[in-house]
Amino acid sequence: MSPFTIAIDGPAAAGKGTISKAVAAHFGVAHLDTGLLYRAVGARMLRGDDPIEAARKLEADDLENPDLRTAEVAQAASRVAIIPEVRAALLDFQRAFARRSGGAVLDGRDIGTVICPRAEVKLFVTASAEIRARRRLAELLDHGFDTDFEAVLADVKARDDRDMNRADAPLRPAEDAVTIDTSTLDVDAAIAAAIAAVEARRAG
Ligand code: C5P
């Protein structure tokens with residue numbers, strides 16, 4: 001198969017991560033969760049570092065930190081993601097990854113609009129805020145975090161608001177993106193819909 005880039009964007013906890021991993025495995029290409037880059041910078045900011053410097057000096061090891069999954073780091077990530085210099089510092093790494101031989105899946109907020117506007121396939125994966133909060137709650141409780149539905153819903157809505165309303169690279173579907181609403185789909189159906197959409201785009 002010739003190299004191709006699949007851009008998968010959408011709001012927090014819509015199922016992008018699960019879908020992206022499955023799509024990458026199905027097509028045998030590499031996968032980059034670009035949220036981890038912003039989380040790593042956010043985690044550095046929480047430790048007192050300057051976010052712009054942290055973004056410029058980011059190393060592969062920084063992405064391995066298990067603490068990157070916490071709600072606190074997620075909020076910090078969406079705060080540093082507003083800073084244009086942070087976004088600029090992370091651009092080259094993402095573009096180089098997208099063009100690696102064999103192709104790649106990148107998931108995030110601005111992959112189809114800013115990072116890879118010429119990606120061969122663009123998906124926008126979404127779901128209602130309540131459904132996303134319910135899924136995220138189950139995931140957090142599973143990982144032993146002490147939280148509740150209202151707290152998680154507030155967190156999801158605060159991030160949506162920040163991600164959609166920032167001036168630089170706001171979250172929105174690319175004009176040529178295929179939208180997949182996972183509100184009423186289980187994991188297998190969501191993955192099947194994404195693979196079908198990729199195949200349809202590649203065939204067409
Ligand atoms: O996807 P994830 O929840 O890990 O992303 C954390 C935060 O990083 C998002 O809320 C968003 O503010 C930011 N982000 C971004 N652009 C991306 C990926 C993530 O601004 N491509």
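**Notebook: pocket lining and sheet**

I looked up which elements line the largest pocket of this predicted model: helix H1 (16–27), E2, helix H2 (35–46), helix H4 (71–80), E3, helix H7 (129–142), helix H8 (149–165) and helix H9 (187–203) each supply at least two residues.

I then asked which element gives the largest share of that lining. I found H1, with five residues.

For the pocket itself, I noted a volume of about 930 Å³. I recorded 40 lining residues, with Ala-13, Gly-17, Arg-69, Arg-136 and Glu-139 nearest the centre. Sorting the lining by class, I obtained 16 charged, 14 nonpolar and ten polar residues.

I turned next to the sheet, since E2 and E3 had come up in the lining. I read an open sheet of five strands, paired in parallel, in the order E2-E3-E1-E4-E5. I noted that E2 (30–33) and E5 (178–181) each have a single partner strand and stand at the edges, so one side of each lacks a neighbour in the sheet. For the twist, I entered an average of 20° from one strand to the next.

How many bridges join E2 to E3? I counted four, with E3 spanning residues 104–108 and the two strands running parallel. Within this pair, I located His-31 opposite Val-105 in E3.

Last, I checked what helix H5 (residues 84–98) lies across. I found strand E1 (5–9), E2 and E3 beneath this entry, and I recorded an angle of about 145° between H5 and E3.

Methods
Residues are numbered from 1 along each chain as its sequence is written. This is a predicted model: local features need pLDDT of at least 70, side-chain atom pairs count only at pLDDT 80 or more; totals for chains, interfaces and linings use all residues. Side-chain values use heavy atoms; hydrogens and water are left out. Two strands pair if DSSP finds at least two bridges between them. Axes are lines fitted to C-alpha atoms, for helices over the stretch in contact, and angles run from 0 to 180 degrees between N-to-C directions. Contact means heavy atoms within 4.5 Å. On a 1 Å grid over the protein atoms alone, a cavity is a set of points where a 1.4 Å probe fits but cannot get out, and a pocket is an open set with protein on both sides within 12 Å along at least five of seven lines; lining residues have an atom within 4 Å of a point. Grid points are joined across faces, edges and corners, and a volume is the space filled by probe spheres set on the points. Ala, Val, Leu, Ile, Met, Phe, Trp, Tyr, Cys and Pro count as nonpolar, Asp, Glu, Lys and Arg as charged, and the others, Gly among them, as polar.
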